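Trainee: I should like to ask how certain terms apply to the model that follows. Please set each value against its definition.

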Amino acid sequence: MTHHSIDSATRAGRFMTTLRGERADSTPIWLMRQAGRYMPEYRALRERHTMLESIHSAELSAEITMQPIEAFDLDAAIIFSDILPPLAGMGLDLEFIKGVGPRLGNPVRSRADIDALRTPPMEEVMAGTLGAIKMVRRELNPRGIPLIGFSGAPFTLASYAIEGGGSKSYVHAKGLMYSDPPSWDVLMSKLVTVVSDYLTAQAAAGAQVLQLFDSWAGALGRLDYERFVQPYTRQVLTAALATGVPVIHFSTGTGAYLESIAAAAPTAVGVDFQTPLDEAWARIGTDRVIMGNLDPVLLHAPWEVLKRGADDVLARAAGRAGHVFNVGHGILPETPVDNVRRLVDHVHAASARAGTSV
Ligand code: CP3
């Protein structure tokens, strides 16, 4: 329990204060995929329950969400779920196949497929996740740790819906986008409805921060991003920000057009590890809040190498207000647990600022 002895007002302040662009007592850290297969507790639970059960049961989702919070001194929790279950609610057959990943059995390939997609209320489709948010908040409140809700962004969800799974070339998704812009607009508009509804419902259930994952946005050139994606992302961000909750936009492979990502106007921009943090921050504007961007593979390295990587990210942030430390993409399953603990503690110790308790 030692790591919970920190004054809860200070702790709560650290992440939320930083998201307001204000100076906190030290740099807040959380890790994308912080609950996952690298944790023995997670693997043990997943031996007894499928991925979809774990997502749709409020009790299981709440338990998994808390696993990394119990194990490490993290500054935020992220609700355990995945970006794809809302697509199942729209009518796609979602399966998580062990050792392969998620698959959609009936991918969207025609205008008729797009027209058949439903936009049901997310209170119904994602009731387990919304219930988990309420449960987890009761556990986190006394500790002063904020909870992040999330959704996939329209482009990444559209790509999944069209490809049916992971893809290298996005031939089908980009094929539809280029060859039939009116149908692309119908699909993206349906996703804007669902994603906006889902994020709003998560904020209403108690999520104090929201994150939009556009992990696949880097598949596009800048001009196509600006034409075919950014307007829809902006609509979602506008709806999410209207709840009054800060919103983080995360994407990977978008170093060629970070300015366009920032222009969609999230509260904070999550950057991958390809662009050095100082360069990324200068490009989006140092008055903006930035999240990132340690290469998650460094968590496999000996501590001295990992520490150097973490120190490099902190040095590039230069003690400026408005930096949330994170990995530049999700933690990998082979990550040694002890390196996660040491990283979290090191970021706090190395960034602690004298006389700035919040
Ligand atoms: O960050 C978190 O801890 C919250 C939970 C979360 C998961 N997936 C849990 C998960 C979040 C936010 C996601 C996002 C997600 N899911 C993205 C966007 C971010 C990214 O990483 O690019 C994408 C593209 C997906 C789709 C997805 N889900 C894939 C491609 C896979 C298989 C790859 C893999 O790592 O196994 C998943 C499965 C998944 N989602 C797992 C977890 C913990 C592993 C499930 C298991 O086998 O136990």
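Mentor: Ala, Val, Leu, Ile, Met, Phe, Trp, Tyr, Cys and Pro count as nonpolar, Asp, Glu, Lys and Arg as charged, and the others, Gly among them, as polar. By these classes, 23 nonpolar, 11 polar and seven charged residues make up the lining of the largest pocket. The model is predicted, and local features need pLDDT of at least 70, side-chain atom pairs count only at pLDDT 80 or more, and totals for chains, interfaces and linings use all residues. Residues are numbered from 1 along each chain as its sequence is written, and side-chain values use heavy atoms, with hydrogens and water left out.

Trainee: What makes this space a pocket, and which residues are closest to its centre?

Mentor: On a 1 Å grid over the protein atoms alone, a pocket is an open set of points with protein on both sides within 12 Å along at least five of seven lines, whereas a cavity is a set where a 1.4 Å probe fits but cannot get out; lining residues have an atom within 4 Å of a point. The largest pocket holds about 1,500 Å³ of space, a volume being the space filled by probe spheres set on points joined across faces, edges and corners. Its lining has 41 residues, and Arg-33, Arg-37, Met-51, Asp-82 and Phe-96 are the closest to the centre. Two or more lining residues come from each of H2, helix H3 (51-56), strand E2 (94-97), E3 and helix H9 (154-163). H2 gives the most, with four residues. Helices (H or I, at least four residues) and strands (E, at least two) are DSSP runs numbered from the N terminus.

Trainee: Where does the ligand sit, and how many residues surround the ligand?

Mentor: The ligand sits in the largest pocket, the condition being that more than half of its atoms lie within 2 Å of the grid points. It is surrounded by 22 residues, with Arg-33, Arg-37, Tyr-42, Asp-82 and His-329 the closest; a residue counts when one of its heavy atoms lies within 4 Å. This shell comprises 13 nonpolar, five polar and four charged residues. Helix H2 (40-48) and strand E3 (101-104) each supply at least two of them.

Trainee: Why is the pair formed by Tyr-42 and the ligand called a polar contact?

Mentor: A polar contact is a pair of N or O atoms within 3.5 Å. A polar side-chain atom of Tyr-42 is 2.5 Å from a ligand oxygen, so the pair qualifies. For Ser-215, a side-chain N or O atom is 2.9 Å from an oxygen of the ligand, and a polar backbone atom of Gln-34 is 3.3 Å from a ligand oxygen. The protein covers 85% of the 870 Å² of accessible area that the ligand has on its own, by the Shrake-Rupley method with a 1.4 Å probe.

Trainee: What is the sign of phi at Arg-33, and which peptide bond is cis?

Mentor: Most residues other than glycine have a negative phi, and most peptide bonds are trans. Phi of Arg-33 is positive, near 60 degrees; Arg-33 lies in the loop between helix H1 (8-19) and H2. The bond from Gly-292 to Asn-293 is cis, with omega near -15 degrees, and Asn-293 belongs to strand E8 (residues 289-294).

Trainee: How many cavities of 30 Å³ or more are counted?

Mentor: The count comes to two. The largest cavity holds about 40 Å³, and its lining has three nonpolar, four polar and four charged residues, including Thr-18, Glu-22 and Arg-353. The second largest cavity holds about 30 Å³, with Ser-251 and Asp-272 among the residues that line it.

Technical notes
Polar contact = N/O pair within 3.5 Å; in protein donor to acceptor, adjacent residues only side chain to side chain.
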